[in-house]
Amino acid sequence: MSIDIEGISKTFGGFTALDNVSLKVPSGELVALLGPSGSGKTSLLRIIAGLEAPDSGRILFDGEEATKRQVQERQVGFVFQHYALFRHMTVFDNIAFGLTVKPKKIRPGKQEIRDKVNKLLHLIQLENLADRYPAQLSGGQRQRVALARALAVEPQVLLLDEPFGALDAKVRLELRRWLRRLHDEIHVTSVFVTHDQEEALEVADRIVVMNNGRIEQQGTPSEVYDHPATPFVYDFLGNVNLFQGRVHEGTAQMGGLNLSSPENASAHDAPAVGYVRSHDIAIERQAGDPGAIKAEVRYLLSVGPLVRVDLLLPDGNRTIEVDLTREEAERLQLTIGEQVFARPRKMRVFVDDYQI
Amino acid sequence: MARSGGKNNVLPGFTPALGYTIFYLSLIVLIPLSALFFKTATLSWDGFVAAVTAPRVLASYRVTFGASLAAAVINAFFGVLVAWVLVRYRFTGKKLIDALVDLPFALPTAVAGITLASIYSQNGWLGRYLEPHGIKVAFTPLGIAVAMVFIGLPFVVRTVQPVLEELDQEIEEAASCLGANRWQTFRRVLLPTMLPAILTGFALAFARAVGEYGSIIFIAGNMPMVSEITPLLIITKLEQYDYAGATAIATVMLVVSFLMLLCINLLQKWSRRFAE
């Protein structure tokens with residue numbers, strides 16, 4: 001089922017959670033709402049579910065107005081960050097709950113319910129824990145039960161609110177890959193909320209980046225990551241370094257660098273900020289290239305497969321972060337205090353109307 | 001982990017704490033109660049059976065335990081309702097009502113009894129409207145139950161309230177997303193979660209009602225065989241210097257109360273089987 005969100009606004013007291021948000025979620029897609037806390041992503045999810053009513057705007061399911069529909073009628077599956085399992089029910093009864101509360105006329109028979117729950121237990125790989133209570137399960141297992149419970153009623157839409165937020169790193173990684181595979185199997189239209197950019201990039205078909213109650217950008221993970229539309233998106237996705245400077249008719253001057261910036265061809269000597277991801281900076285010993293800045297190695301830190309280098313710029317009080325691969329780091333053999341040249345391989349310049 | 005006062009325990013003072021607990025419980029509970037049994041033992045077995053099965057005594061058991069049970073059931077129902085309203089809704093005067101709930105705890109029981117008796121008597125504030133409909137409250141077993149409801153109310157409210165407050169709203173949202181209507185959500189999700197607390201409150205209210213004396217004797221009318229409660233009977237025996245007879249009846253009450261509380265505790269344990 002496709003979801004159309006048209007001009008949704010919502011305020012809580014004086015706080016604007018959503019400001020005229022419009023969004024289309026095509027049928028069968030897995031869409032991530034990505035943003036910092038307070039960006040309105042959870043409010044939007046809850047409005048889609050019907051747990052919250054918008055102040056204005058419309059929600060359409062498959063082109064049909066659904067704004068006024070009750071939660072119970074919307075046929076959405078909702079997965080909560082803290083699982084929200086019924087703790088007095090066994091795993092089996094939790095999953096069966098949605099089926100057993102159906103009106104008598106359309107309620108499946110006992111055997112049918114049992115078959116269905118067993119199928120779902122198989123799907124979440126917890127067949128032998130059917131008689132356990134939620135308190136006896138691990139976090140990852142609980143969230144899988146919550147997912148199975150939501151899927152039992154065959155929802156038209158699956159909504160997940162930070163589903164992996166309360167889990168530890170390894171389980172989170174496992175579970176999001178599992179969710180991706182699951183979605184490839186069942187193709188239910190899904191929207192999930194996360195503040196973890198890595199999670200969104202890995203799991204989603206499409207990412208919607210939100211900030212301050214508005215949508216900053218939407219697109220496929222590679223579109224959003226490779227071509228951030230706004231400084232906010234640049235800043236939010238990945239580690240980024242800022243360079244202050246000016247831009248004039250498509251040429252940017254950034255702390256000793258001269259770069260062409262064709263997207264700012266109309267700017268006239270405007271203050272600008274250049275954004276460079278930390279892995280888009282090369283470190284060299286020779287000043288051969290004109291697009292390089294002299295800097296001093298301040299700090300070296302191995303972070304898993306990467307080596308993080310802090311460079312102190314000549315002005316003496318600003319540092320930039322560079323991520324090198326292990327091979328590069330071994331080839332360079334940097335030492336702290338050494339003078340090197342940093343060359344941004346890719347920089348995006350925005351005229352300065354945005355401050356971090 | 002629960003026991004062991006050894007050196008591996010992070011909580012110090014296990015031995016003195018346990019020692020003190022046993023000493024304190026002996027002093028306050030066990031010694032007086034065993035004195036009760038010793039005094040009873042001065043009766044012969046036949047004398048004991050005769051004392052505790054006299055028709056008037058049997059009638060008083062029925063009145064006491066029957067009214068206590070009825071009062072506890074009523075309190076379980078309305079106590080949950082009061083707790084629900086106090087937790088779920090916002091309204092002016094909520095703090096005041098919240099404080100009112102505790103009043104039966106604080107009020108001298110005799111004051112409560114006299115007040116209830118005068119309100120429900122034939123020309124009292126409420127009694128005068130009930131009387132024409134043939135409902136007599138004061139000086140009947142119904143009055144006893146009313147007094148017991150009054151003194152037992154705080155127990156259910158105060159045990160259920162914190163559980164309700166801690167209930168996660170997401171649980172209800174999850175239920176309604178799954179298609180459950182309000183009633184199904186209450187019946188299948190909220191009530192089972194509250195049940196252990198309700199049973200605790202029920203047990204406390206019941207125990208309090210069984211032991212209540214002060215407020216009841218004013219409203220009960222104290223007619224032998226009809227509205228005479230067991231505690232009053234015990235007092236009567238004491239006034240007649242029949243100490244052994246009094247303790248015999250007290251022993252029966254004690255044993256019955258203990259058994260009933262034990263059953264309720266087992267029931268409560270069963271209702272909490274999910275919480276590991």
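In the predicted model, the side chains of strand β8(A) are directed to two sides, with T189(A), V191(A) and V193(A) pointing one way and S190(A), F192(A) and T194(A) pointing the other way. In a regular strand, side chains alternate between the two faces of the sheet. Residues on both sides of β8(A) are buried, and the strand, which spans residues 189-194 of chain A, is accordingly described as mostly covered, with six of its six residues buried.

Strand β8(A) has pairing partners that include β3, formed by residues 30-34 of chain A, to which it is joined by five bridges in a parallel arrangement; within this pairing, L34(A) stands opposite T194(A). Strand β7, formed by residues 157-161 of chain A, is likewise parallel to β8(A) and is joined to it by five bridges, and here L160(A) is found opposite F192(A). Together with helix α5, which covers residues 169-186 of chain A, the strands β7(A) and β8(A) make up a β-α-β unit that is right-handed.

At the level of the whole chain, the domain assignment divides chain A into domain 1, comprising residues 3-234, and domain 2, comprising residues 239-284 and 291-351. The C-alpha centres of domain 1 and domain 2 of chain A are separated by 39 Å.

For chain B, an unreviewed UniProt entry lists residues 61-264 under "domain: ABC transmembrane type-1". In the model, this span of chain B is 78% helix and 0% strand, and the C-alpha atoms at its ends lie 19 Å apart.

Key. Residues numbered from 1 in each chain as written. Chains lettered and ligands numbered in written order. Predicted model: local features only at pLDDT ≥ 70, side-chain atom pairs only at ≥ 80, totals over all residues. UniProt positions renumbered as here; feature names shortened; annotations may be inferred. Helix = DSSP H or I, 4+ residues; strand = E, 2+ residues; numbered from the N terminus. Buried ≥ 20, exposed ≤ 12 C-beta atoms within 10 Å, placed from the backbone. Pairing = 2+ DSSP bridges. Right-handed = clockwise from strand over helix to strand, strands pointing away. Domains from an automatic or database assignment.
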